[in-house]
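Got your viewer open? Load the model and follow along, one selection at a time.

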Amino acid sequence: MKNYLINNFEAISMSLFIALVIVMIILIFMSYIINEDNYKKTSHLYEKQFGNLPFTARMARNASLIGSPGIYLAKVDFIMSSLLLPYNRVFNHGMSFDEYFFIRTLPSELTTGFKVEAILWVIEIIILFCFILLNVFFY
């Protein structure tokens with residue numbers, strides 16, 4: 001068994017990596033589906049309170065994770081960065097402190113999905129980075 005694992009380390013590690021990436025992609029997609037409804041509710045409440053969404057969220061209003069993942073992240077960034085990061089003019093560009101505080105005080109049933117999705121994205125990036133480092137140093 002030990003010799004088999006040693007001799008097939010490359011194939012086994014590649015298979016495990018691919019399986020892990022697929023599981024993470026499925027989890028991110030599931031959180032995306034759950035967050036679509038939460039995004040609509042959150043953006044409606046935000047617009048009712050403050051008039052307009054932040055500029056990048058307005059531009060990316062109809063973006064989806066499947067069709068345009070980079071633009072989708074710009075769409076939900078005003079929620080995710082407000083929930084996970086302290087108030088900062090770089091991450092919360094175009095938002096006043098009242099708008100930032102409004103997002104942070106939303107009910108947890110609207111915000112938990114965004115927190116989970118952001119954590120899943122970070123884990124996915126770490127997995128990809130570790131895999132790249134392992135390939136560079138060990139192959």
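**Stop one: E47 and its partner**

Start by selecting E47, which is partly exposed, with a relative accessible area of 25%. Keep in mind as you go that this is a predicted model. Now add R61 to the selection: E47 and R61 form a salt bridge, and their closest N and O atoms sit 2.5 Å apart. E47 belongs to helix α2, while R61 is in the loop between α3 (55–59) and α4, so the pair ties together parts 14 residues apart in sequence. R61 is partly exposed too, at 32% relative accessible area.

**Stop two: along α2**

Next, select residues 9–50, which is helix α2, and look for a kink of about 35 degrees centred on N35. Then go to G51, which follows α2 and has a positive phi, near 100 degrees.

Back in the helix, pick D37 and K41. Their side chains meet in a salt bridge, 3.3 Å from N to O. D37 and K41 are four residues apart in α2, so about one helical turn separates them. How accessible is D37? D37 counts as partly exposed, at 41% relative accessibility. K41 is also partly exposed, with 42% relative accessible area.

**Stop three: from α2 across to α4**

Select E36 and K75. Here is another salt bridge, with the closest N and O atoms 3.5 Å apart. Since K75 lies in helix α4 and E36 in helix α2, the pair ties together parts that are 39 residues apart in sequence. Is K75 buried or exposed? K75 is buried, with a relative accessible area of 3%; the cut-off for buried is under 20%.

As for the general idea behind these stops, side chains of opposite charge can pair when their charged atoms come close. The salt bridge count for the model comes to three.

**Stop four: the largest pocket**

Stay with α4 and show L73, D77, M80, A118 and W121. Among the 11 residues lining the largest pocket, these lie nearest its centre. The space inside that pocket is about 260 Å³.

Which helices each supply at least two residues of the lining? Colour α4 (69–84) and α6 (108–138) to see them. It's α4 that gives the most to the lining, with five residues.

To finish, colour the lining by residue class: you should get nine nonpolar residues, one polar and one charged.

Note on methods:
Residues are numbered from 1 along each chain as its sequence is written. This is a predicted model: local features need pLDDT of at least 70, side-chain atom pairs count only at pLDDT 80 or more; totals for chains, interfaces and linings use all residues. Side-chain values use heavy atoms; hydrogens and water are left out. The bend at a residue is the angle between axes fitted to the seven residues ending there and the seven starting there. On a 1 Å grid over the protein atoms alone, a cavity is a set of points where a 1.4 Å probe fits but cannot get out, and a pocket is an open set with protein on both sides within 12 Å along at least five of seven lines; lining residues have an atom within 4 Å of a point. Grid points are joined across faces, edges and corners, and a volume is the space filled by probe spheres set on the points. Ala, Val, Leu, Ile, Met, Phe, Trp, Tyr, Cys and Pro count as nonpolar, Asp, Glu, Lys and Arg as charged, and the others, Gly among them, as polar. A salt bridge is a side-chain nitrogen of Lys or Arg within 4 Å of a carboxyl oxygen of Asp or Glu. Buried means under 20% relative accessible area, exposed over 50%, partly exposed in between (1.4 Å probe, protein chains only).
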